[in-house]
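Please consider the following protein model, beginning with its sequence and its overall form. The account below is intended for a reader who meets it without prior acquaintance.

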Amino acid sequence: MLRNALDGLTVVDFTQIGAGPTCTMLMADMGARVIKVESPDGELGRGLGPGWIGEDAALFHGFNRNKLGISLDLKSTGGLAVAKRLIADADIVVESMRPGVMSRLGLGFEALAARQPGLIYCSISAYGQTGPYADRAGVDGIVQADSGLMSLIGLEGAEPCKVQAPIVDVMTGYVAVMAVLAKLNQRARDGQGGQLDVNLLNSAVALQQSSITSFVADRELPVRIGSAAPYSAPNQAFETRDGWVMIAAYMPDRWTRLCALLGIPHIATDPRFATSALRVANRQAMVAILTEVLKTRNTDEWLPALRQGDILCSSVATYEDVLRHPQVAANGMLAEVEHSEHGTLRMPGFPVDSAQANARPHRVAPSCGQDTRQVLREVGFDEREIDALRQAKAIHCADPTGGGGNSRAPNLA
């Protein structure tokens, strides 16, 4: 199990909102000691709701479990000195400032690497550390638009749409973890750290591996076709009498079985639909024929019949359905975290070996500055020094509220 795979590593986390916190949360899930650094006002992600858990956004809790939380004013001499002390004891720094900001603070890779050649320094930005857009800020929605991803989503003639979950942020967080783990392996061989340039734009382009490769091959811009796949058919949601059913029956045998099951076996050999490519070309006619039959029954009537015929299918689930999903429960993918003030919090847990991983306790996301005093003690500050830093407003120390809560995989029945 991976929950202790990174035991003994220390990560200093200067990130906020989605991409960086996803990266550092996954490392914390795998046992790294992650010290999340926030300003005295807290990171921006705390204010991005609804929903809300107390005064903080639920998404903040979703991206920041298992971390220690400290609060520093990096514009102050004392706060900057604390940051440098933390980094001196760290294996990994992850930051998501606009390129150049960390260097201006004296916390850039070059300055730190001169003293710590083994330091792994992961920089997460919107567009990258160099190039014409390097100094531009960007967030998930902007990069969904700028990367072409929004050109794929929705229906022709309708307004542009984006994936409502911050998919580029989360993808970027996973890419960053991949990069850090690869660099750790390389460091084990040569002892050298290095800077990693991870950005939302690259991650968004990588998400579109098949679409962009196809466009480069034939120079045909993709058409927005809702739930349908541009490369295969039938592979989309179809209307039933009371809702929708997603069907993927583009393989030859499944296409033949689907037509037989729907009572239209002659359609399987119709020259317009003889191959998946022909069905893509004649999608509108195919959809009309299949929908006419599928609208004669409810979704819950079609699903068992389709599965009996080995046709890949699913209802179009809501989040209420996901919370009741028997396989999500069997996988233990939703964790319950006990918060001392707000009770049980539920969120997606660690996704690998999930039943075992999420049966182990998770620590709830920290309140702003919750662990400042503890962490500073651990890196050698005494009480007099800590109090002086607090008086100078270089640090913020909050009383612990909700930290160290336990989690378990919930019973979703």
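The paragraphs that follow proceed from the whole chain to particular residues.

The model shown is predicted. Its protein chain contains 18 helices and 15 strands. Measured out along its principal axes, the C-alpha trace of the chain would be described as spanning about 85 × 50 × 40 Å. Of the 413 residues in the protein chain, 46% are buried. Contacts in the protein chain may also be sorted by separation in sequence: among those between residues at least 6 apart, 70% join residues at least 24 apart.

The surface and the charges may be taken next. The protein chain exposes about 20,100 Å², and carbon and sulfur atoms supply 54% of that area. The chain carries 38 positive and 44 negative charges, and the mean positions of these two groups lie 2 Å apart.

One part of the surface deserves a separate look. Val205, Ile212 and Val216 form a nonpolar patch there, and together they have about 210 Å² of accessible area. Valine 205 belongs to helix 8, which comprises residues 200–207. Because its relative accessible area is 35%, valine 205 counts as partly exposed, and this value is over the 30% required of a residue in a patch.

Another residue to locate is leucine 105, found in the loop between helix 4 (101–104) and helix 5 (109–115). Its neighbours within four places in sequence being set aside, leucine 105 is in contact with Leu74 and Leu80. Tyrosine 250, by comparison, is 145 residues from leucine 105 in sequence, and the C-alpha atoms of leucine 105 and tyrosine 250 are 56 Å apart in space.

Notes. Residues are numbered from 1 along each chain as its sequence is written. This is a predicted model: local features need pLDDT of at least 70, side-chain atom pairs count only at pLDDT 80 or more; totals for chains, interfaces and linings use all residues. Side-chain values use heavy atoms; hydrogens and water are left out. Patches are made of residues with over 30% relative accessible area and no salt bridge: like charges are joined within 9 Å, nonpolar side chains (Val, Leu, Ile, Met, Phe, Trp, Tyr) within 5 Å. Accessible areas come from the Shrake-Rupley method with a 1.4 Å probe; for residues, only the protein chains shown count as cover. A salt bridge is a side-chain nitrogen of Lys or Arg within 4 Å of a carboxyl oxygen of Asp or Glu. Helices (H or I, at least four residues) and strands (E, at least two) are DSSP runs, numbered from the N terminus. Buried means under 20% relative accessible area, exposed over 50%, partly exposed in between (1.4 Å probe, protein chains only). Contact means heavy atoms within 4.5 Å. Lys and Arg count as positive and Asp and Glu as negative; His and the chain ends are not counted. The place of a charge is taken as NZ of Lys, CZ of Arg, CG of Asp or CD of Glu.
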